[in-house]
Amino acid sequence: MTELSNTALIRAIHAHTPPDSTPASVLMDVLNIGREAAYRRMRGEVRFTFGEASALSAHLRFSLDDVTGSSVGGNALFSLAFTEFDASLDLYNGILEQNIRFFREIASDPTAIFASAVNSIPAEYYLKYENLTRFKLFKSLYQHEMGDVSVPTFEELQLSASLRRNALEYVQSVQLVPQSHVIFDGSAFMHWVNAIRAFRAMHLISDQSVALLKEELFELVKDSEKMAGEGEYENGNKVNFYLSEVDLEASYAYISSERYKVAGIALFSLNSMHTFDPMMYEYVKKWVRNQRRFASLISGTGELSRIHHFKRQREILGRLE
């Protein structure tokens, strides 16, 4: 990093270090370095590498774009939350743990908002169900063409206790955000039906497992309809569901709180790109909000549209035999 960027990074670390910690202790934990090495970096005697800067930016949730000047000229820097698959799925587990910490941190802010426009069922909902979670992981394993012979079929992919616990905690942590808005398109459940059919046709999943997935999908429809009708999660926090009249080509989201402004784009099934760049945050926020023009609110109102929508989803799932 240049001397100017290094100085700006040091200021950003000081500004974003939590009150119950110190910049040096953060560096020691995140970069896995000793105390003296941490102090030498904070004094500017040793410059941060770009990799170290990226890790600190992700951990402390500040915009590396502003620090490095990358946003100048209309270029926004994204951080890629990307997981290469192995049999233990440790990396995906780590991503869940990081996201849990983030959502729990912003949950105490009464102004915090989590808004998204999605073309498939997001992790915030399917991770509640063990078999749906397993299928999503198994599907992504094959889509990435890893060819891991240790899990040649769906039945042989098992979740660790830690991953299952974190999946449930992630769902709970998202629902701690005081206000949520989700725009769905009408094909969200059809994507799952088509994928399950394809994997069964390839003899990668048994009929018994298909029946289990179908049962959990019906449970997901039931839970979603209940949340939509009440306009809130079980903990009382508000959630507004919208039904888009047009197909959504991709899934976008933004998170707004007093401390953070984050934009995210879904990528490669389980992965995502996120950025703290102010320009890109405003762009994604505007895009998500504009999708409401083509959508109907079905939370706490629009009862007829809500009934018809969930009836259609049950009909779609009923065809999964």
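Colleague: By class, what residues does the lining of the largest cavity have?

Modeller: This is a predicted model, and in it the lining of the largest cavity has 11 nonpolar residues, together with 2 polar and 1 charged.

Colleague: How much space lies in that largest cavity?

Modeller: The largest cavity holds about 140 Å³ of space, and of the 14 residues that line it, the closest to its centre are F184, F189, S224, H309 and F310.

Colleague: And which elements give two or more residues to that lining?

Modeller: Those elements are the helices α10 (188-201), α11 (207-230) and α13 (303-318), along with the strand β4 (238-244).

Colleague: Which element gives the largest share of the lining?

Modeller: That is β4, which supplies 3 residues to the lining of the largest cavity.

Colleague: How many cavities of 30 Å³ or more does the structure hold?

Modeller: The structure holds 3 cavities of that volume or more.

Colleague: Changing topic, how many helices and strands are there in the chain?

Modeller: The chain has 13 helices and 8 strands, and among its contacts between residues at least 6 apart in sequence, 76% join residues that are at least 24 apart.

Colleague: What percentage of the residues is buried?

Modeller: Of the 321 residues in the chain, 49% are buried.

Colleague: Then what about the surface, how much area does the chain expose?

Modeller: The chain exposes about 15500 Å², and 53% of that area is supplied by carbon and sulfur atoms.

How values were computed. Residues numbered from 1 in each chain as written. Predicted model: local features only at pLDDT ≥ 70, side-chain atom pairs only at ≥ 80, totals over all residues. Heavy atoms only, no water. Helix = DSSP H or I, 4+ residues; strand = E, 2+ residues; numbered from the N terminus. Buried < 20%, exposed > 50% of the residue type's maximum accessible area, 1.4 Å probe, protein only. Contact = heavy atoms within 4.5 Å. Areas by Shrake-Rupley, 256 points an atom, 1.4 Å probe, with all protein chains shown as cover. 1 Å grid on protein atoms, 1.4 Å probe; cavity = no way out; pocket = protein on both sides within 12 Å on 5 of 7 lines; lining within 4 Å. Points joined across faces, edges and corners; volume = space filled by probe spheres on them. Nonpolar A, V, L, I, M, F, W, Y, C, P; charged D, E, K, R; others polar.
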